[in-house]
Amino acid sequence: MITSLSGIAASNGIAFAKAFRLENPKLDVEKTTVEDTEKEISRLDAALAKSVAELEVIQQRTREQISDKEAAIFGAHLLVLSDPELIGPVKEKITNDKQNAESALKETADGFVAMFEAMDNEYMKERAADIRDVTKRVLAHLLGVSIQNPSMISEEVIIIAEDLTPSDTVQLNPQFVQGFVTEIGGRTSHSAILARTLEIPAVVGAKSLMATIQNGVSVIVDGLDGQVLIDPDEATIAEYQTKKAQYEEQKAEWAKLKNEATVTADGQAVEIGANIGTPKDTTGVLENGGEAIGLYRTEFLYMGRDEFPTEEQQYEAYAAVLKAMEGKPTVVRTLDIGGDKELSYLDLPKELNPFLGLRAIRLCLEMPDMFRTQLRALLRASVHGNLKIMFPMIATLEEFREAKALLLEEKAKLLEEGIEVSDSIEVGIMVEIPSTAVMADAFAKEVDFFSIGTNDLIQYTMAADRMNEQVSYLYQPFNPAILRLVKMVIDASHREGKWTGMCGEMAGDEIAIPILLGLGLDEFSMSASSILKARAQISKLSKAEMASHTERILALGTSDEVEAYVKSIVS
Ligand code: PEP
Ligand code: MG
């Protein structure tokens, strides 16, 4: 029997709870002949009744936990279930053709779906999607297979899933979800990043997970060392309880630095900021002593809804973040959609290589009206704090110039309308494409700051998908190729009197921190839960001493050599 699995440590902490498998059920329907048609009709009625009861609960929870609007989706599903035009023909097939309920339902529903989908009418196409969803639910009941909905979870569990999309993850209620483990994904996949923001222990990339862990089995997730313990015995439970207590103790020690500045042992100040996804996350930033927000991923405002957020809704979110930060630097990144981040209501053509496709700033420049709305909302919110605007995935100077021109146009329009806009907004870019790192000297003349997005910079430099655990051995933050690019960017910015931050996950890594200090990085932006640990580490390091190692580190040949070198100088 397998008692443990190894994966990638994605979010610190240790959690104990029962496994909850989140998966798409297999619904294989066979067509058979039934003798007792009345019994078949009652089976159908029972499955319909169970589906109605379930949908009513989901609708109610969604209304309470998310919004009325999202809850309306389930209202539409309930309507389908009571529609005689759908249910009538199903019952006829059972009675007249002696067909089993599953195949009668599937055939009838497929017919409606095909008919609605063929219509050139958005409303009808949505009805097709509703019928497909509802049919799945009723079929699951007929086949005795369970169907899950993450927002329905109401007891303490550890989620076990093949993969979690960002929108699955935002639906998880941290009150009940104690931790999660996925079979796919790396440390920088967005579900892992969200886990760190929510401070839920997580392990990703655990091979054979779905084949190994069954529902309800007791599980320990060790997000510190990337281990998953299955059905642990008492000795193992005791061992992990001790480990958890030690971790809590260490956290209490770090917490003493909450109101301190981040200063190295030789008296040099650097800034530690946080990466956030929603205005609510500012609470965690302040509780963890964040000095800034180094990255606000605004795309989460666009997710979990069925249309674009309005200018007003965006203004409110941005203003809320700026007000909460009370004048501390707040870097807001414009919409970075694409790659693994999709919007259900934005029907973009499927691409062969979405990570190399129409995403982030490319999409915003392609859809200027959508982009201008965001820029206006940001400019209006700027009066509430210390706003810095940052464009993602910039590959060329032209892209930066075009994006900045749109920003200036919107600013001019607002001023003309008599709307106040701050006149000290810095405008910078993320450096996450190698071409931009190489051209940093040219960019440095035009931008106000850089923020190095190593999550993507590493995947594009090493040509290794950040989501793909099969090539995770190539995902090497300490490869000298990456470090040399980072140095080029920091040096270029300093030559022009500008500053450089890093908002990729590397900024919070304990091996990376000494190197980055030595390279002269000005701002480290990380998950809020990593801030205090990083501050404690930096307070023990001398910046001058770390800088004296830079040349030797950058001349090393491999990532492993770099890691071993850093360990030898800091321990
Ligand atoms: C990055 O690429 O490093 C980054 C911070 O952006 P994201 O993780 O949202 O792609
Ligand atoms: Mg990125």
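**View 1. Three cavities of 30 Å³ or more are found in this structure.** The model shown here is predicted, and a good place to begin is with its enclosed spaces. The largest cavity has a volume of about 90 Å³. What sits in the largest cavity? Ligand 1 does, and the views that follow take a look at the cavity wall and then at the ligand itself.

**View 2. The wall of the largest cavity is made up of 15 residues.** Among these lining residues, R297, R333, E432, N455 and D456 lie nearest the centre of the cavity. Two elements to pick out are β10 and α18, each of which supplies at least two residues of the lining. Sorted by class, the lining of the largest cavity holds eight charged residues, along with four polar and three nonpolar ones.

**View 3. A shell of 16 residues surrounds ligand 1.** Here the view moves from the cavity to the ligand. Which residues of the shell come nearest to ligand 1? They are R297, R333, G453, N455 and R466. By class, this shell has seven charged, five polar and four nonpolar residues.

**View 4. Helices and a strand contribute to the shell around ligand 1.** At least two shell residues come from each of α7 (190–198), β10 (292–297) and α18 (454–462). Which of the elements gives the largest share? That is α18, with three residues of the shell around ligand 1. Both β10 and α18 also take part in the lining of the largest cavity, with at least two residues each.

**View 5. Oxygen atoms of ligand 1 lie close to polar atoms of K341, E432 and G453.** In the side chain of E432, an N or O atom is 2.9 Å from an oxygen atom of the ligand. E432 is also one of the residues nearest the centre of the largest cavity. For K341, the distance from a side-chain N or O atom to an oxygen atom of ligand 1 is 3.3 Å. At G453 the partner is a polar backbone atom, 3.2 Å from an oxygen atom of ligand 1. How much of the ligand does the protein cover? On its own, ligand 1 has 290 Å² of accessible area, and the protein covers 100% of that area.

Conventions. Residues numbered from 1 in each chain as written. Chains lettered and ligands numbered in written order. Predicted model: local features only at pLDDT ≥ 70, side-chain atom pairs only at ≥ 80, totals over all residues. Heavy atoms only, no water. Near = heavy atom within 4 Å. Polar contact = N/O pair within 3.5 Å; in protein donor to acceptor, adjacent residues only side chain to side chain. Areas by Shrake-Rupley, 256 points an atom, 1.4 Å probe, with all protein chains shown as cover. 1 Å grid on protein atoms, 1.4 Å probe; cavity = no way out; pocket = protein on both sides within 12 Å on 5 of 7 lines; lining within 4 Å. Sits in = over half its atoms within 2 Å of the grid points. Helix = DSSP H or I, 4+ residues; strand = E, 2+ residues; numbered from the N terminus. Nonpolar A, V, L, I, M, F, W, Y, C, P; charged D, E, K, R; others polar. Points joined across faces, edges and corners; volume = space filled by probe spheres on them.
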